Structures are given as C-alpha cells and as structure tokens.
Amino acid sequence: YRLEHANQLAGLGLDEILDRRAIVLLEWPDRFRDALPKPDILIRIAHDGDARWVTVEPDVTFGQ
C-alpha cells in the first residue's frame, strides 16, 4: 500500500525473492498486476467481525 508506482518494486529486491523456490505472499498484488509474474495459487483472507475465512485455490484469473 506504500508503493505508488510499479518501478518502486525494484527497490524492494522483489526480483531476487521471486527467483527462489519459495512461498511469497504479497498484499494488494492487483495494484501492480502487470509487473508481477502470474501466481501459482491465490490465497484470499476475509473477515466479518470475529469470523475469518481463508480460501486457497489455483489462480486462473490474476493475469486476465
């Protein structure tokens, strides 16, 4: 949420992080969709009062 432009991603070292075989979680990836690789899975976390939901699914829509 602190980044305003996709070119600011380079300063985070994100390329090196994404080159590893690891799980990487990004908050608000839709803000820089065109600058990120297509994810393998999509994890959604939602809440309503005290209730929490987590869904994990193959991502088929992120790149669209």
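**Reading a predicted model**

Mentor: Let's start with Gly11, which is exposed, at a relative accessible area of 70%. Gly11 sits in the segment before helix H1. This is a predicted model, so local features need pLDDT of at least 70 and side-chain atom pairs count only at pLDDT 80 or more, while totals for chains, interfaces and linings use all residues. Residues are numbered from 1 along each chain as its sequence is written, and side-chain values use heavy atoms, with hydrogens and water left out.

Trainee: Okay, how do I read that label: when is a residue buried or exposed?

Mentor: Buried means under 20% relative accessible area, exposed means over 50%, and partly exposed is in between (1.4 Å probe, protein chains only). Asn7, also found in the segment before H1, is exposed because its relative accessible area is 63%. Trp53, in strand S2, is partly exposed, with 46%.

Trainee: And what are H1 and S2?

Mentor: They are DSSP runs numbered from the N terminus: helices are H or I with at least four residues, strands are E with at least two. Here H1 covers 14-18, S1 covers residues 41-48 and S2 covers 51-58.

Trainee: Next, charges. Which side chains meet in a salt bridge?

Mentor: Side chains of opposite charge can pair when their charged atoms come close. The rule asks for a side-chain nitrogen of Lys or Arg within 4 Å of a carboxyl oxygen of Asp or Glu. The count comes to one salt bridge: Arg44 with Glu57, at 3.5 Å from N to O. The pair links distant parts of the chain, with Arg44 in strand S1 and Glu57 in strand S2, 13 residues apart. Arg44 counts as partly exposed because its relative accessibility is 42%, and Glu57 counts as partly exposed because its value is 32%.

Trainee: Where is the nonpolar surface patch, I mean, which residues make it?

Mentor: Patches use residues with over 30% relative accessible area and no salt bridge; nonpolar side chains (Val, Leu, Ile, Met, Phe, Trp, Tyr) are joined within 5 Å, like charges within 9 Å. In this model, Ile23, Leu25, Ile41, Ile43, Ile45, Val54 and Val56 make a nonpolar patch of about 760 Å². S1 and S2 each give two or more residues to that patch, and S1 gives the most, with three. Ile23 comes from the loop between H1 and S1, and Ile23 is exposed because its relative accessible area is 73%.

Trainee: What about hollows? How many residues line the largest pocket?

Mentor: Rolling a probe the size of a water molecule over the atoms shows where empty space is left. On a 1 Å grid over the protein atoms alone, a pocket is an open set of points where a 1.4 Å probe fits, with protein on both sides within 12 Å along at least five of seven lines; lining residues have an atom within 4 Å of a point. The largest pocket is lined by 26 residues, and Val24, Leu25, Leu26, Pro39 and Ile41 lie nearest its centre. Strand S1 gives the most to that lining, with five residues.

Trainee: How far apart in space are residues that are distant in sequence, say Asp40 and Pro58?

Mentor: Asp40 and Pro58 are 18 residues apart in sequence and 6.1 Å apart, C-alpha to C-alpha. Asp40 is in the loop between H1 and S1 and counts as exposed because its relative accessibility is 70%. Asn7 and Val56 are 49 residues apart in sequence and 29 Å apart in space. Gly11, where we began, is 33 residues from Arg44 in sequence and 26 Å in space. Trp53 and Leu9, 44 residues apart along the chain, have C-alpha atoms separated by 29 Å.

Technical notes: Accessible areas come from the Shrake-Rupley method with a 1.4 Å probe; for residues, only the protein chains shown count as cover.
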